[in-house]
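Biologist: I'm new to this one and would like a close look at a single part of it. Could you show me the structure before I ask?

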Amino acid sequence: MDLSLYFEPVDLPALGFGDADIHPDQLASAVLMYNPEAPLNIRDAQIAILGVPESRNTYRNASCSLAPDEIRRQFYQLYVWNKSVRIIDLGNVRVGKTVEDTYEVVSDILAFLLENKVIPIILGGGNDIAFANYRAYEKMEQVVNLVAVDSRFDLGDENQPIRSDAYLNKMVLQQPNFLLNYANVGFQTYMNSPASLKLMDDLFFETYRVGSMRKDIEEVEPIVRNADMMSIDIAAVRRPDAPGNPHGSSNGFYGEEICQIAKYAGLSDKLSSFGIYEFDPTLDYGNQTSQLIAHIMWYFVEGYLNRPNDNQFKQKQDYRQYSIAVSGALSELVFFCSKHTGRWWMLVPMINKEKDITQHYYLPCSKRDYLLACEDQIPDRWWKAYNKFNH
C-alpha cells in the first residue's frame with residue numbers, strides 16, 4: 001500500500017515544535033514522523049498513530065475534526081518510556097469526497113496495518129470511525145470482540161443512517177457478521193432507553209455501569225483482555241476532567257481511571273487496535289482534554305511495553321487449574337490462574353450438537369469470578385458467554 005496517497009504528514013514546526021525546543025527524550029524526538037519522500041517499511045513499526053479528521057456523520061460535534069493535531073500538541077511534549085518502542089505517526093488521513101469514502105479508506109489502511117502486525121492508535125474524529133475500524137477486521141475475515149468505553153450504547157435504529165451515536169446496529173446487522181462480542185464499559189443508565197438495555201441483554205452483550213466499574217476498576221481488566229479493538233468516547237469521562245465534548249456529563253470516569261483502563265488495553269495480549277473519539281478542541285479549557293487524551297495514549301503504550309504474553313497456554317505448568325462443582329452448571333467450572341501474572345481465565349464450552357463436538361473458549365475473568373464459583377454461584381460473565389456460544 002502506498003501510504004503517501006492517503007495521508008497528510010505531520011508538520012511538527014506548525015504544532016509548535018522547533019528543533020531547538022525538543023528535548024531528546026521527548027516524544028516529539030522519539031516518534032518517527034512519516035515522510036512520503038523517504039518512505040519506510042511499515043513492518044519496522046510496532047505502533048502507528050493516525051488522525052482521522054472526519055466529522056460529517058457526528059451528532060452535534062462537527063469540530064471534532066480538529067482533534068488529531070491538538071492531541072499531538074500535548075502528546076509530543078511528554079517523555080519516553082523506560083523501554084524502547086518503535087512508533088510511527090502516519091499523519092492525518094485525507095478525508096474522502098463522501099463519508100463512506102473515508103470509511104473505505106480508513107478500513108483499508110487499518111487492515112493493512114493489522115496484517116503487518118502494527119497496532120494502530122486512531123485519533124478521531126467522530127465515534128462512527130469505530131465502524132471503519134470494525135470493517136478492517138471484516139475485510140480480513142477475522143471475528144471481533146469490541147470493547148467500547150462509552151456512556152451510551154450508540155445503537156441507533158436499523159433504518160437510521162450511520163452516525164456517531166448510531167453505528168453499533170450497523171455492525172450487528174452487517175452480513176456476513178464478524179462481531180463475536182460487544183462489551184460496553186461505563187454506560188450510564190439514564191442516558192440509554194429501556195428498550196436498548198433489553199436489546200443488549202437479548203444479544204448477550206456485556207454492559208457495565210460506570211458506578212460498578214468505579215467501585216473496583218480492576219474488574220475492567222478481564223473485559224478489556226478479551227477485546228480485539230477498543231474505542232473510547234471521551235464523553236465517558238466526567239466533564240470536569242474532560243470538558244472538550246458537547247455530550248459529556250458531570251458523571252463518568254475520572255481522568256486517572258480512564259488512563260488505567262487504557263493501560264489495561266495496552267497490556268492485553270490480544271488487543272490490536274485502539275481509538276479515541278469525539279474530542280472537540282473548541283470546547284476545551286486550558287488544554288485539559290487534549291492533555292488527558294495524550295496521557296491516555298501514553299498509558300496505552302506503557303501497557304503495551306509490559307504485555308505478559310500469558311494467554312497462549314502453551315506451558316501448562318505456568319498455570320494453576322481449579323475445577324469447581326457449581327449447582328446448575330452442566331459440568332464443573334474450570335479456572336486457570338497464571339503463576340507469573342495472577343491473571344485468571346475460565347473455560348466456556350462451545351457445543352456443536354450436529355457433530356457432537358465440544359470445544360472450549362478461554363474466557364478472561366477475575367479472581368472474583370472464581371470466588372463466586374466457590375460460593376456455588378455461576379458468574380454472570382460465564383453465563384453470557386455460554387448463552388452466546390450455544391444460542
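Biologist: Which residue follows helix 11, and what is the sign of its phi? Please take a close look at that part, then walk me outward from there.

Modeller: Happy to. Before anything else, this is a predicted model: local features need pLDDT of at least 70, side-chain atom pairs count only at pLDDT 80 or more, and totals for chains, interfaces and linings use all residues. Residues are numbered from 1 along each chain as its sequence is written, and side-chain values use heavy atoms, with hydrogens and water left out.

Now to your residue. Helix 11 is followed by Asp-376, and its phi is positive, near 65°. That sign comes up in Asp-376 although it is not a glycine. Most residues other than glycine have a negative phi. Asp-376 sits in the loop between helix 11 and helix 12; helices here are DSSP runs of H or I with at least four residues, strands are runs of E with at least two, and both are numbered from the N terminus. With a relative accessible area of 38%, Asp-376 is partly exposed. On that scale, buried means under 20% relative accessible area, exposed over 50%, and partly exposed in between (1.4 Å probe, protein chains only).

Step back into helix 11 itself, which covers residues 367–374. Its buried residues are Asp-369, Tyr-370 and Ala-373. Looking down the axis of helix 11, you find these buried residues within an arc of 100°, so they line one face of the helix. The arc is that of the directions from the helix axis to the C-beta atoms. And what do they pack against? The partners are strand 11 (319–324), strand 12 (333–338), strand 13 (344–352), strand 14 (357–365) and helix 12 (380–389). Contact, by the way, means heavy atoms within 4.5 Å.

One of those partners, strand 13, is a good place to go next, since Val-348 is found there. Val-348 is buried, at a relative accessible area of 0%. Leaving out residues up to four places away in sequence, Val-348 touches Gln-359, His-360, Tyr-361, Leu-363, Trp-382, Ala-385, Tyr-386 and Phe-389. Take Tyr-386 from that list: Val-348 and Tyr-386 are 38 residues apart in sequence, and their C-alpha atoms are 6.1 Å apart in space.

Asn-309 makes a nice companion to Asp-376. Its phi is near 50°, again a positive value in a residue other than glycine. You'll find Asn-309 in the loop between helix 10 and strand 11. Asn-309 is exposed, with a relative accessible area of 58%.

From that loop you can go back into helix 10 (residues 288–304), which packs with helix 9 (residues 255–267) at an angle of about 35°, their axes 6 Å apart. Axes are lines fitted to C-alpha atoms, for helices over the stretch in contact, and angles run from 0 to 180 degrees between N-to-C directions. Among the residues making the contact are Ile-258, Cys-259 and Ala-262 of helix 9 and Leu-292, Ile-296 and Tyr-299 of helix 10. The contact residues divide into 10 nonpolar, four polar and two charged. In that count, Ala, Val, Leu, Ile, Met, Phe, Trp, Tyr, Cys and Pro are nonpolar, Asp, Glu, Lys and Arg are charged, and the others, Gly among them, are polar.

Helix 10 also holds Thr-289. Thr-289 is buried, with a relative accessible area of 0%. Skipping residues up to four places away in sequence, Thr-289 touches Ile-234, Ala-242, Pro-243, Gly-244, Phe-279 and Asp-284.

There are also two peptide bonds to look at. The one from Gly-124 to Gly-125 is cis, with omega near 15°, and Gly-125 lies in the loop between strand 5 (119–124) and helix 4 (129–139). The bond from Gln-175 to Pro-176 is cis too, with omega near -5°; Pro-176 lies in the loop between helix 5 (168–173) and strand 7 (179–187).

Finally, the whole chain. It has 12 helices and 14 strands, and 57% of its 391 residues count as buried. Along the principal axes, its C-alpha atoms fill a box of roughly 65 × 50 × 40 Å.
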